[in-house]
Amino acid sequence: MNLEVIRQDTPGCSGKIFLNSAGASLMPQSVVETTIKFLYEEQELGGYAAAVQNPGIINQFYEETAKLINTKPSHIAFVSSSTDGYAKALSSIDFREGDCIITTNDDYISNQIAFISLQKRYHIEVIRVDNLPDHELDLEAFENLIKKYNPKLIAVTHIPTNSGLIQNIEGVGKLCRQYDVLYLVDACQSVGQIVVDVEKIHCDFLTATGRKFIRGPRGTGFLYVSDKVLNKKIYPLFLDSFGAQWTAFDDFQLNDTAKRFEFFERPYAALAGFAEALRYANAIGMDQIENYNRKLTDTLRINLQNYDFRVLDQGNRLSSIVTFCQPDGRVENIHKVLSDQKVFFKENSRQDALIDFTFKNVNHAIRLSPHYFNTMEEIERVSQLLENINH
């Protein structure tokens, strides 16, 4: 992995230290150029003709996404965001009163709100599995709840947006396969920073976004759907002419692939840029990206702990999301130092992670999320900036 070339490919690296890839990362120059080139073609030809004349880059999106997560292109749908894909997946499940969803305390805020919405509308039950003392998922509790409630769906966020925790989605997937339960994984924060393999996860749905660790444009994402979903003719509540063919006055025929979850209208220029971002990540290799990211974040966490900050990330396996505060729970001084020195970061509040932050007894946390275009020198520089805050 040639860090010098990667940084040359990333103009946004200059003049700042960018540590907010968990929010919206820095795009490589080639992603921006690909997006703009497509827009210029739309300017000259109109959107329809530009799409017709560029089947290669459109197909590249499906091929590169499939390569990234170890599946076939026919299992991939383009969506506008991870939340968009998540909503389409949820809408495809025929919930009835008395049904049950099993999830975790660490699921993403928008997912939790979606579950509560389903609970209010369809009177389903939402059950959250407690974590073990080491903050890992309690797989024995999962299995007992599956046996007791026969859930309609199990939903797990791979990496919470508010914590460095990497949840054991593979272990949950084995249980879902064993008991034949639909399984939805939010991989919004994991795809692009660590290796994600849907064959090992055994999920039925998996969602991700383009703007975070994949380094693509905003307004892009993908939804993976399994053979089980496709073969059982599961489809989203609302289809259009892309997801199905109108075959009779009162009937339609589903698209055989995951494209049944897509709409006809999509931002093709952004899709082209997303395809380039996926290609860029695949060319480097997710194993190399994951290994390098781990070195950056291990160093950052150790430095923060040595300078008496309260590092909030818990679990046996941690990601490129580092959350912390001062020993008394305050973040104002950290916020000011980082802002003054042009360090890009995110501040999370209790509302973003109501259960997790309540258990941790914090109202705010600073989130730093290094990525593979960052240098170890930048990590040490940020650590030095924060060194004297608690003294």
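Which residue forms a salt bridge with Glu290? In this predicted model, the partner of Glu290 is Arg317, and the closest N and O atoms of the two are 3.2 Å apart. The pair connects distant parts of the chain, since Glu290 belongs to helix H12 while Arg317 sits in the loop between strand E11 (310-311) and strand E12 (322-325), 27 residues apart. Glu290 counts as buried because its relative accessibility is 11%, under the limit of 20%. Arg317, in contrast, is partly exposed, with a relative accessible area of 36%.

Helix H12 itself deserves a closer look. The helix covers residues 286-306, and at 1.5 Å a residue its 21 residues should span 30 Å; the end C-alpha atoms are 30 Å apart, so the expected span and the model agree. Among the buried residues of H12 are Met286, Ile289, Glu290, Tyr292, Leu296, Leu300 and Leu304. Just after the helix, Asp308 adopts a positive phi of about 70°.

Two of the buried residues of this helix, Tyr292 and Leu296, lead to another part of the chain. Both are touched by Thr375, which also touches Leu3 and Arg7, residues up to four places away in sequence not being counted. Thr375 is placed in the loop between strand E15 (364-368) and helix H15 (376-386). With 11% relative accessibility, Thr375 counts as buried.

The salt bridge of Glu290 is one of a set, for the structure holds 14 salt bridges. In general, side chains of opposite charge can pair when their charged atoms come close. Another example joins the side chains of Lys37 and Glu41, at 3.0 Å from N to O. These two residues are 4 residues apart in helix H2 (residues 29-45), so about one helical turn separates them. Lys37 is exposed, because its relative accessibility is 53%, whereas Glu41, at 19%, counts as buried.

A further salt bridge is formed by Asp356 and Lys360, with the closest N and O atoms 3.0 Å apart. Here too the partners lie 4 residues apart in a helix, H14 (residues 354-360), and are therefore separated by about one helical turn. Asp356 is buried, with a relative accessible area of 3%, and Lys360 is buried as well, with a relative accessible area of 5%. Elsewhere, salt bridges with shared partners join Glu290, Arg294 and Arg317 into one network.

A polar contact without a salt bridge partner can be followed at Ser82, where the side chain meets the side chain of Thr207 at 2.9 Å. Ser82 is part of helix H5 (residues 82-91) and counts as buried, at 4% relative accessibility. Beyond residues up to four places away in sequence, Ser82 touches Asp186, Cys188, Thr207, Ala208 and Thr209.

The last stop is the surface. Leu237, Phe238 and Phe263 make a nonpolar surface patch of about 340 Å². Phe238 is located in the loop between helix H10 (227-231) and strand E9 (244-248), and its relative accessibility of 62% means that Phe238 counts as exposed. Helix H10 also contains Asn231, which is exposed at 59% relative accessibility. Asn231 and His158 are 73 residues apart in sequence, and their C-alpha atoms are 25 Å apart in space.

Technical notes. Residues are numbered from 1 along each chain as its sequence is written. This is a predicted model: local features need pLDDT of at least 70, side-chain atom pairs count only at pLDDT 80 or more; totals for chains, interfaces and linings use all residues. Side-chain values use heavy atoms; hydrogens and water are left out. Patches are made of residues with over 30% relative accessible area and no salt bridge: like charges are joined within 9 Å, nonpolar side chains (Val, Leu, Ile, Met, Phe, Trp, Tyr) within 5 Å. Accessible areas come from the Shrake-Rupley method with a 1.4 Å probe; for residues, only the protein chains shown count as cover. A salt bridge is a side-chain nitrogen of Lys or Arg within 4 Å of a carboxyl oxygen of Asp or Glu. Buried means under 20% relative accessible area, exposed over 50%, partly exposed in between (1.4 Å probe, protein chains only). A polar contact is a pair of N or O atoms within 3.5 Å; within protein, one must be able to donate a hydrogen and the other to accept it, and residues adjacent in sequence count only if both atoms are side-chain atoms. Contact means heavy atoms within 4.5 Å. The expected span of a helix is 1.5 Å times one less than its number of residues.
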